[in-house]
Amino acid sequence: MGLKKGSKISLIMGLASGILVLVGAWLVTVAPKPAWIFLVSLNALLALSFISRLIKTRKFMPSGMLLLITLAVLAFCITKII
């Protein structure tokens, strides 16, 4: 999608964050507690990014929707730490 719209940086950042999430998922099997902390930090950074995009564009799609998904995953990861 990002490449079609001409936003190569969006495509690159999407792939990078996706790879980091996969690394975090793999780490959960190796060392659960540090992995959940890593995933909480990653989701917090993604949430901040989506909040800034939402404020900048004032459009719900796609940043608002992705923010809601990120906050849900963040809450799930926090419950796993607790």
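Ser-17 touches Leu-42 and Leu-46, once residues up to four places away in sequence are set aside. In this predicted model, Ser-17 sits in helix α1, which covers residues 8–30. With a relative accessible area of 17%, Ser-17 counts as buried, because the cut-off for that label is under 20%. Its side chain also has a partner on the backbone: the Ser-17 side chain reaches the backbone oxygen of Gly-14 at 3.1 Å.

Stepping back to the whole chain, the protein has 3 helices and 0 strands, and from the N terminus the elements simply run α-α-α. The C-alpha trace spans about 40 × 20 × 15 Å along its principal axes. Of the 82 residues, 21% count as buried. As for how contacts spread along the sequence, take those between residues at least 6 apart: 43% of them join residues at least 24 apart.

The pairing of α1 with α2 gives the Ser-17 contacts their setting. These two helices pack at an angle of about 160 degrees, and their axes are 7 Å apart. That angle is over 145 degrees, so α1 runs roughly antiparallel to α2. The crossing of α1 past α2 is left-handed. On the α1 side, the residues that meet α2 are Ser-17, Leu-20, Val-21, Gly-24, Leu-27, Val-28 and Val-30. Facing them from α2 are Pro-32, Ala-35, Trp-36, Phe-38, Leu-39, Leu-42 and Leu-46. Both Leu-42 and Leu-46, the contacts of Ser-17, are thus among the α2 residues that meet α1.

Leu-27 is another α1 residue that takes part in this meeting of helices. Leaving aside neighbours within four places in sequence, Leu-27 is in contact with Pro-32 and Ala-35. Its relative accessibility is 25%, so Leu-27 counts as partly exposed, a label that starts where buried (under 20%) ends and stops at 50%. Leu-27 and Ser-63 are 36 residues apart in sequence, and their C-alpha atoms lie 27 Å apart in space.

The other helix pair described here is α2 with α3. Their axes come within 8 Å and cross at roughly 155 degrees. Here too the angle is over 145 degrees, so α2 is roughly antiparallel to α3. α2 passes α3 in a left-handed crossing.

Then there is the nonpolar core. The largest one has 5 residues, namely Trp-36, Leu-39, Val-40, Leu-74 and Cys-77. Two elements give two or more residues to this core: α2 (32–57) and α3 (60–81). The largest share, 3 residues, comes from α2. Two of the core members, Trp-36 and Leu-39, also appear in the list of α2 residues that meet α1.

Trp-36 is worth a look of its own. With neighbours within four places in sequence left out, Trp-36 is in contact with Val-28, Phe-76, Cys-77, Lys-80 and Ile-81. One of these, Cys-77, is a fellow member of the largest nonpolar core. Another, Val-28, is on the list of α1 residues that meet α2. Trp-36 itself is one of the α2 residues that meet α1, and it belongs to the core to which both α2 and α3 give two or more residues.

Methods:
Residues numbered from 1 in each chain as written. Predicted model: local features only at pLDDT ≥ 70, side-chain atom pairs only at ≥ 80, totals over all residues. Heavy atoms only, no water. Helix = DSSP H or I, 4+ residues; strand = E, 2+ residues; numbered from the N terminus. Buried < 20%, exposed > 50% of the residue type's maximum accessible area, 1.4 Å probe, protein only. Polar contact = N/O pair within 3.5 Å; in protein donor to acceptor, adjacent residues only side chain to side chain. Contact = heavy atoms within 4.5 Å. Core = buried A, V, L, I, M, F, W, Y, C linked by side-chain atoms within 4.5 Å. Axes fitted to C-alpha atoms, helices over the stretch in contact; angles between N-to-C directions. Parallel < 35°, antiparallel > 145°, perpendicular 65-115°, else oblique. Left-handed = near helix turned anticlockwise from the far one by under 90°.
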